[in-house]
Amino acid sequence: MIIRVFLLCFFTSVSFLQIQGQADILFSNAEKKEVSVFNPEEKLDKEKMEHTVLLPMPYASPNLIDERIRNEFKSSKIKSINLYYTDYPKGRNLDKLNTKRINNLISTYEEVLDSSIVWTVNRQMACQNMQEANEMFHGFEIILDIMKSKDLAYYHLQKGEQESIVEEVFERNEWDSMLVVADFTGSMSAYISQLLLWVKLNNKEGKVSQFIFFNDGNGRSDKYKLLGKTGGIYPVRSPIYGEIEYTAKKCRKAGSGGDIPENDIEALLAGIKLCTDCKELVLIADNFSDVRDIALSLKIEEPLRIILCGVKDGFINPVYLNLARRTKGSVHLIEKDLKDLASLNEGEILEVDSAKFIVVKGEFVLLEDE
């Protein structure tokens, strides 16, 4: 027992000394700069295919505040790391503190030891007292190359699809406490990618309370898909991006749909049951798919917000217009929101770009050109 404890202490000590030595080398080789003040910003450059993330630290402390971005480092290549600190106390040598900061970064994320990473250490000079220094950013700015990232959030950008219906709709509509139910069958990968990127960049305030991903049956044969019991529903309620992405990938791997209709309503009802405190019900749906369990929609009592993917020239699958109308909800396209659908009377016409829909017996019907 004593020998085991000795060996554990020995190897722990060796590991600590190795990391400390690596931190010393990185700090020594890093380019040293003086700047007035650093304005921290997490940002995505779609042209350069770079994502900038921040790892903050307290003033005068080597401790990391946020350790929830491991998924970023595991899936993407780090291009550069910039350490920022303040010139306070004025003129004091803070090399020991900054080496500890790098040491703690290595201990938490060994990916930063890649020899291709470019390092800088930046001293912010525009502070005259402790209060000013404490208000400045301390920690790491990390630039990631996302061109070949395995992170699903970047998939649509890697495919050259920079326009995002998910981002556009969420920016136009200030929804909060959302239940987001997303179709992850067939050709929906790019749209789920858009959702995940929005989550990565915008969901820190917890705007989405509950996610549901569905695949219409986990690859089940079409003849065994029963109304309300088709399956393939994957819920996740977490503030951690990696857990959300993991659930989405698990859903996609388990099945891709099969026949054209999907079990949207089954997934919506599962989400409503799980998230009784959600205020907005959002469905991310495929315009090219019908809803196999539309009969169950009578159980939905909340207004349904439908983000409809794949719409061109206004040609909308009427099933989604009618689903929104029935729930007194709305349909959302990349450039416009179709609201108040329930207020249209018999015989009235809804125009969406070059398409026209007429209300017949209480439901929208595509009006064919004469």
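**Figure 1. Strand 11 and its parallel partner strand 12 in the predicted model.** Strand 11 and strand 12 (residues 330-332) run parallel and are joined by three bridges. One place to look is R305, whose bridge partner in strand 12 is S330. Between these two strands the chain travels through helix 10 (residues 318-326), giving a right-handed β-α-β crossover. Everything shown here and in the views below comes from a predicted model.

**Figure 2. The other neighbour of strand 11, and what covers its faces.** Strand 10 (residues 280-286) also runs parallel to strand 11, and six bridges hold the pair together. Here A285 has L308 of strand 11 as its bridge partner. Is strand 11 (residues 304-309) mostly covered or mostly open? Mostly covered: six of its six residues are buried. In a regular strand, side chains alternate between the two faces of the sheet. In strand 11, L304, I306 and L308 are buried on one side, and R305, I307 and C309 are buried on the other.

**Figure 3. The seven-stranded sheet.** Stepping back a little, you can follow an open sheet of seven strands in the order 9-8-7-10-11-12-13, with mixed pairing. Why do strand 9 (233-236) and strand 13 (337-338) each have one side without a neighbour in the sheet? Both stand at the edges with a single partner strand, so one side of each is left free of a neighbour there. Strand 13 runs antiparallel to strand 12, and two bridges join them. Within that pair, V331 stands opposite L338 of strand 13. Helix 6 (residues 165-172) packs on this sheet, touching strand 7 (178-183), strand 10, strand 11, strand 12 and strand 13. The direction of helix 6 makes about 150° with that of strand 11.

**Figure 4. Helix 9 lying across the seven-stranded sheet.** Helix 9 (residues 264-274) lies across strand 7, strand 8 (208-214), strand 9, strand 10 and strand 11. Relative to strand 8, helix 9 runs at about 150°. Which residues of helix 9 are buried? They are D264, I265, E266, A267, L268 and G271, so if you are browsing the side chains, note that the acidic residues D264 and E266 are on that list. The buried residues of helix 9 pack against strand 7, strand 8, strand 9, strand 10, strand 11 and helix 10.

**Figure 5. The three-stranded sheet and helix 10.** This view shows an open sheet of three strands in the order 14-15-16, with antiparallel pairing. Strand 14 (349-352) and strand 16 (363-366) are at the edges, each with a single partner strand, so one side of each has no neighbour in the sheet. On average, neighbouring strands here are turned by 30° against each other, direction ignored. Four bridges link strand 14 to strand 15 (residues 355-360) in the antiparallel sense. To find your bearings, start at I349, whose bridge partner in strand 15 is I358. Helix 10 packs on this sheet and touches strand 14, strand 15 and strand 16. The direction of helix 10 makes about 160° with that of strand 16.

**Figure 6. Helix 7 packed with helix 8.** Two packed helices are described by the angle between their axes and the distance between the axes. The axes of helix 7 (residues 189-202) and helix 8 (residues 241-254) come within 10 Å and cross at roughly 170°. That angle makes helix 7 roughly antiparallel to helix 8. On the helix 7 side, the residues of the meeting are S189, I192, L196, V199 and K200. Facing them in helix 8 are Y241, I244, E245, A248 and R252. By kind, the contact residues divide into six nonpolar, one polar and three charged.

**Figure 7. E47 in its loop, and the chain around it.** Where does E47 lie? E47 lies in the loop between strand 2 (43-45) and strand 3 (50-56). E47 is exposed, with a relative accessible area of 67%. E47 and T99 are 52 residues apart along the chain, and their C-alpha atoms are separated by 34 Å. For context, the chain has ten helices and 16 strands, and its C-alpha atoms fill a box of roughly 80 × 55 × 35 Å along the principal axes. Of the 370 residues in the chain, 49% are buried.

Definitions and conventions:
Residues numbered from 1 in each chain as written. Predicted model: local features only at pLDDT ≥ 70, side-chain atom pairs only at ≥ 80, totals over all residues. Heavy atoms only, no water. Buried < 20%, exposed > 50% of the residue type's maximum accessible area, 1.4 Å probe, protein only. Pairing = 2+ DSSP bridges. Right-handed = clockwise from strand over helix to strand, strands pointing away. Axes fitted to C-alpha atoms, helices over the stretch in contact; angles between N-to-C directions. Parallel < 35°, antiparallel > 145°, perpendicular 65-115°, else oblique. Contact = heavy atoms within 4.5 Å. Nonpolar A, V, L, I, M, F, W, Y, C, P; charged D, E, K, R; others polar.
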